[in-house]
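Student: Could we go through this structure together? I would like to begin with the overall fold and then turn to particular residues.

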Amino acid sequence: MPVIVLVGAQWGDEGKGKATDLLGDRLDYVVKFNGGNNAGHTVVIDGEKYALHLLPSGILSPNVVPVIGNGVVVDLNVLFQEIDGLEARGIDTSRLRISANAHVIASYNRTLDKVTERFLGSRRIGTTGRGIGPTYADKMNRIGIRVQDLFDESILRQKVTAALGFKNQVLSKIYNRTGAKVDDVVRELLSYVDRLRPYVADTALELSEAIDAGKVVLCEAGQATLLDVDHGTYPFVTSSNATSGGACTGSGIPPTRIDRVVAVLKAFTSRVGEGPFPTELHDKWGDYLREVGHEYGTTTGRPRRIGWLDLVIGRYAQRINGVTDFAMTKLDNYDGLDEIPVCVAYEVNGVRHDEMPVNQTDFHHAKPIFETLPGWKQDITGCRKFEDLPREAQDFVEFVEQRIGARISIVGVGPGREAVIERHSVLGGN
């Protein structure tokens with residue numbers, strides 16, 4: 001049975017949770033392989049809205065084993081707040097598995113994240129201030145705290161002491177802040193041990209055995225392609241690999257076991273935070289798409305920046321991730337428009353670019369080249385087959401499909417789990 005990697009094709013908030021939920025009944029495992037509680041999925045089930053920040057969206061499917069992989073950084077307070085919230089609504093979270101090798105977000109890294117952003121001023125990245133970046137930095141500097149460390153108090157204390165030997169110098173001498181105390185940090189982390197223990201496992205081994213047994217595994221990215229630390233619009237990116245390659249390093253599943261890569265592409269474009277955005281709208285159409293699409297951050301509540309669909313980005317995502325199938329979401333957000341501009345290329349200093357410019361300066365100065373398609377001016381939220389869509393909506397999907405290099409297998413036409421058209425199965429076959 002297949003191993004599927006699900007990624008975002010833009011700057012995030014494309015609707016990856018909806019795509020996972022669509023496949024929920026056909027999945028056995030859903031693995032979150034990167035990021036932390038700096039992004040979220042919103043899933044609507046039977047009119048009920050669930051906002052997930054750290055937990056894999058597979059937690060909402062009763063037959064799925066949700067896994068937090070080794071590539072994730074975990075805020076334990078947020079984890080248990082989220083678990084408690086779901087349990088209070090009748091969702092069973094006992095199936096959750098957490099990698100012993102995942103890194104833990106310590107309180108001092110949340111502090112550093114916030115003060116660093118304020119210190120940067122106009123050069124800020126636009127982080128969520130939740131300690132994600134500093135925790136990944138600790139991981140690479142080999143002074144991080146892993147989940148498994150919490151089960152050996154001596155090791156934990158040694159690692160916290162080593163980390164604060166450096167961190168407190170930064171807090172006090174650069175930012176004029178009081179340093180953290182080793183005892184306080186250790187005490188807080190140890191307070192989670194008893195509750196954490198039942199969830200922790202060698203998840204890479206468990207996933208390997210599941211694949212050998214013919215189980216269907218979905219690897220679910222946090223953030224998206226253009227926020228990938230290597231392949232995104234650096235430095236305005238996240239601190240982990242949100243592309244398909246990150247699924248291997250962040251889960252322990254080797255690339256030879258991956259069958260399909262599904263990228264979620266919103267029918268327009270949005271992003272949160274700073275950085276270049278060629279198709280960004282600062283007019284009534286941007287406001288319209290933001291409101292009709294409820295485009296506010298799941299985690300932060302910040303209004304998202306909005307732009308027209310960018311097919312240069314779509315082609316880039318296909319190439320970087322090796323996309324086999326796209327899932328287009330929020331097509332219904334165009335129901336009220338007479339015409340729909342779509343970016344098909346960029347112009348940079350008089351030169352046309354059909355692919356992403358190689359350097360940041362050119363991308364920053366890129367101007368979109370548009371082709372305009374007719375709208376359909378009718379409600380499509382009740383459509384369940386591709387043939388049910390108005391001809392103009394079908395033409396829009398097929399136009400995009402031709403330009404991005406892979407088939408569009410799923411089309412979202414509304415917020416509910418039922419408001420989906422499945423043109424092709426992403427589990428194989430037609």
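Tutor: What follows is a discussion of a predicted model, from the whole chain down to individual residues.

Student: How many helices and strands does the protein chain have?

Tutor: The protein chain has 13 helices and 19 strands.

Student: What is the radius of gyration, and what would a compact globule have?

Tutor: The radius of gyration of the protein chain is 22 Å. A compact globule of 430 residues would be near 22 Å, so the two agree. Along the principal axes, the C-alpha atoms fill a box of roughly 65 × 50 × 40 Å.

Student: What percentage of the residues count as buried?

Tutor: Of the 430 residues, 57% count as buried. The accessible surface of the chain comes to about 17500 Å², and carbon and sulfur atoms account for 49% of it.

Student: And the contacts: what percentage join residues at least 24 apart in sequence?

Tutor: The figure is 75%, taken among contacts between residues at least 6 apart in sequence.

Student: Changing topic to electrostatics, how far apart are the mean positions of the positive and negative charges?

Tutor: They are 5 Å apart, for 49 positive and 56 negative charges.

Student: Which residues does UniProt list for "binding site"?

Tutor: The unreviewed UniProt entry lists D13 and G40 under that name. It also lists T298, T299, T300, G301, R302, P303 and R304.

Student: Where is D13 found?

Tutor: D13 sits in the loop between β1 (3-8) and α1 (16-23). Leaving aside residues up to four places away in sequence, D13 touches K266, S270, V272 and R304.

Student: Why does D13 count as partly exposed?

Tutor: Its relative accessible area is 23%, and partly exposed covers values between 20% and 50%.

Student: Is R304 buried or exposed?

Tutor: R304 is buried, because its relative accessible area is 5% and the cut-off for buried is under 20%. R304 lies in the loop between α10 (284-292) and β13 (305-307).

Student: What about E295, where is that found?

Tutor: E295 is also in the loop between α10 and β13. With 0% relative accessibility, E295 counts as buried.

Student: Which residues does E295 touch?

Tutor: Not counting residues up to four places away in sequence, E295 touches K266, F268, S270, L289, R290, R302, P303, R304, I306 and K330. Of these, R302, P303 and R304 appear in the UniProt "binding site" listing.

Student: How far apart are E295 and I306 in space?

Tutor: Their C-alpha atoms are 8.3 Å apart, with a separation of 11 residues in sequence.

Notes:
Residues numbered from 1 in each chain as written. Predicted model: local features only at pLDDT ≥ 70, side-chain atom pairs only at ≥ 80, totals over all residues. Heavy atoms only, no water. UniProt positions renumbered as here; feature names shortened; annotations may be inferred. Helix = DSSP H or I, 4+ residues; strand = E, 2+ residues; numbered from the N terminus. Buried < 20%, exposed > 50% of the residue type's maximum accessible area, 1.4 Å probe, protein only. Contact = heavy atoms within 4.5 Å. Rg over C-alpha atoms; globule rule 2.2 N^0.38 Å. Areas by Shrake-Rupley, 256 points an atom, 1.4 Å probe, with all protein chains shown as cover. Lys, Arg positive; Asp, Glu negative; His and termini not counted. Charge placed at Lys NZ, Arg CZ, Asp CG, Glu CD.
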